[in-house]
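Please open the model in your viewer and keep the sequence panel visible, so that each selection can be followed in both.

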Amino acid sequence: MAKVSQIQEWTSVKRFVGNKDVEFSEITFDSRMASSNALFVAVRGVHVDGHLFISKAIEAGCSIVVCEELPNGEYENTTFVLVEDSALALGEIAAGFYGNPSEKMVLVGVTGTNGKTTVATLLHGLFRDMGFESGLFSTVANFIGSEKLPSTHTTPDPVALNKIMQRMVDAGCKYCFMEVSSHAIDQKRIAGLSFKGGIFTNLTHDHLDYHKTFDAYLKAKKAFFDGLPKDAFAIVNVDDKNGMVMVQNCKAHVKTYSIRSMADYKAKIVESMFEGMQLVINNEELWTPFVGKFNAQNLLAVYGAAASLGCDIREVLLSLSRLHSVDGRFQTMRSASGITAVVDYAHTPDALKNVIETINQIRQPEQALLTVVGAGGDRDKTKRPEMAGVAVSGSDRVILTSDNPRSEDPQSIVDDMMEGVDLQSKIKVLTVVDRKEAIKAACMLAKRGDIVLVAGKGHEDYQEIQGVKHHFDDREVIKEIFDMI
Ligand SMILES: CC(=O)N[C@H]1[C@@H](OP(=O)(O)OP(=O)(O)OC[C@H]2O[C@@H](n3ccc(=O)[nH]c3=O)[C@H](O)[C@@H]2O)O[C@H](CO)[C@@H](O)[C@@H]1O[C@H](C)C(=O)N[C@@H](C)C(=O)N[C@H](CCC(=O)O)C(=O)O
Ligand SMILES: Nc1ncnc2c1ncn2[C@@H]1O[C@H](COP(=O)(O)OP(=O)(O)OP(=O)(O)O)[C@@H](O)[C@H]1O
Ligand SMILES: N[C@H](CCC[C@H](N)C(=O)O)C(=O)O
Ligand SMILES: [Mg+2]
């Protein structure tokens, strides 16, 4: 329970209109969830302006409204809190209302196009393995210690974030690792949070439907590092050409990692196989069940964060070697007939390129690679041809199929992908719109020893078609097919 008058302790208020002694026990930014106990924050969204729903929230019983401008009409029993920026106010009010839980833990944010889930999940696993209770916000799931909560977004809205963080604090969590998406930074979902560290993985093509230009995407990511305080640390991948750009003007203590050049944290791959790789990190050996240069970089990010947090390096390496793979990332399955399937969440051109390159480095010349891949509907269309181009250039056969078509026609998404296939490569490509049939076709075409890469959906257990989520899990489909062949 809090009083309206307390809001000015949490965020900058331009003006109060009405009774400041009214109390609220909930915060909402959606009129459809409004109730008499709730404070409604009107946020200007991507599609509509939340100010248009103020009257709906009041009809639903809300008597306190945070907004940037007063609505037309008379609202006698409503208290209005006028602010400059409602999205910022929402974050700051949520943080204050839930008792600033981010200040009571060591909060580390991970951002970048690819690798966020992997790095954040490994950090959560590592710190728990070393005996520290920890929380996690990720695309796959959120965790309060070992308690698993479903995840709806890579980075949840500020109310969910602070509510869950308060539960983490109550459960004794000392650390919290959070994926920070560019959408979340842009929409100020992380406003009001107190970060002790930030990690940058990489920046490649994605989300241009939302950010419009690569420069705007870069600026959104950079804003996270610009906001880190001087007692925080920032760990950046300097193998990425924008690594140092991210930390220009950053007040935090900057540390670098690389698998190619001089850096604070350096790694070298000694040996790779499907089961894992042997690495040397800052002169110390490490065996991990992860493979690929990109995972060497992810491990460096984790190692660097643990080192920056003052952990014992030997203990970190020991724990890292015990961690198992991340759900739906380079997950391998073997059929009795000798086919290896790799399920991976690669849904960007760079991720797909990395996973294909990794398989190509490990496989023997006689083992063919058959790649099954689609692209999501209602998402960046410009990555579709690029993804198909990457798939054909590194694979022996490619089966183009559906990912989550969402509101789009799946055939037209596949057609967009085909634009990226050059004339000579067309012979390698098969289009099978039904994803299950596509996976089946790849497994049927594969011979003993061959590798079937099923990319794009990783851990997802659904396929979204025209607003309906149907149960669909690449791993289950593969198992069913493997049991038949
Ligand atoms: C494009 C996008 O990011 N949209 C997010 C955004 O919604 P929005 O701005 O579109 O909302 P809107 O429909 O314009 O409505 C504006 C406001 O009016 C309110 N409203 C609306 C209708 C109504 O009847 N009453 C009402 O009060 C809404 O609650 C909202 O506050 O703010 C919402 C609340 O935080 C998010 O749930 C929503 O995520 C949508 C569902 C989504 O799909 N987002 C994806 C793209 C996303 O965020 N992805 C990133 C990860 C990307 C990655 O890493 O690959 C993520 O962090 O998950
Ligand atoms: N450091 C990396 N660099 C490039 N590609 C990577 C890296 N780490 C993982 N990948 C590839 O990207 C895919 C997604 O990885 P992960 O889920 O960790 O990324 P993410 O940033 O959390 O993605 P999302 O934006 O969907 O949340 C992996 O399945 C793998 O193919
Ligand atoms: N966080 C990403 C996930 C994409 C996963 C892929 N399977 C798809 O549906 O496009 C997004 O929402 O764009
Ligand atoms: Mg993620």
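The tour below goes from one annotated span to a helix pair and then to two ligand sites.

This is a predicted model, in which local features need pLDDT of at least 70 and side-chain atom pairs count only at pLDDT 80 or more, while totals for chains, interfaces and linings use all residues. Residues are numbered from 1 along each chain as its sequence is written, and chains are lettered from A and ligands numbered from 1 in the order in which they are written.

Select residues 328-458 to begin, a span that an unreviewed UniProt entry annotates as "domain: Mur ligase C-terminal"; such annotations may be inferred rather than shown by experiment. The C-alpha atoms at the two ends of residues 328-458 lie 4 Å apart, and the span is 35% helix and 20% strand.

Next, select helix α13 (residues 383-394) and helix α14 (residues 410-418), whose axes lie 6 Å apart at an angle of about 60°. Helices here are DSSP runs (H or I, at least four residues) numbered from the N terminus, and axes are lines fitted to C-alpha atoms over the stretch in contact, with angles from 0 to 180 degrees between N-to-C directions.

Now display ligand 3, around which you will find Thr 154, His 347, Gly 376, Arg 379, Asp 403, Asn 404, Gly 456, Lys 457 and Glu 460 (C-beta atom, placed from the backbone, within 6 Å).

Finally, move to ligand 2, where Asn 114, Gly 115, Lys 116, Thr 117 and Ala 351 come nearest among 22 surrounding residues. Helices α4 (116-129), α10 (293-308) and α12 (349-362) each give two or more residues to this shell, and α12 provides the largest share, four residues.
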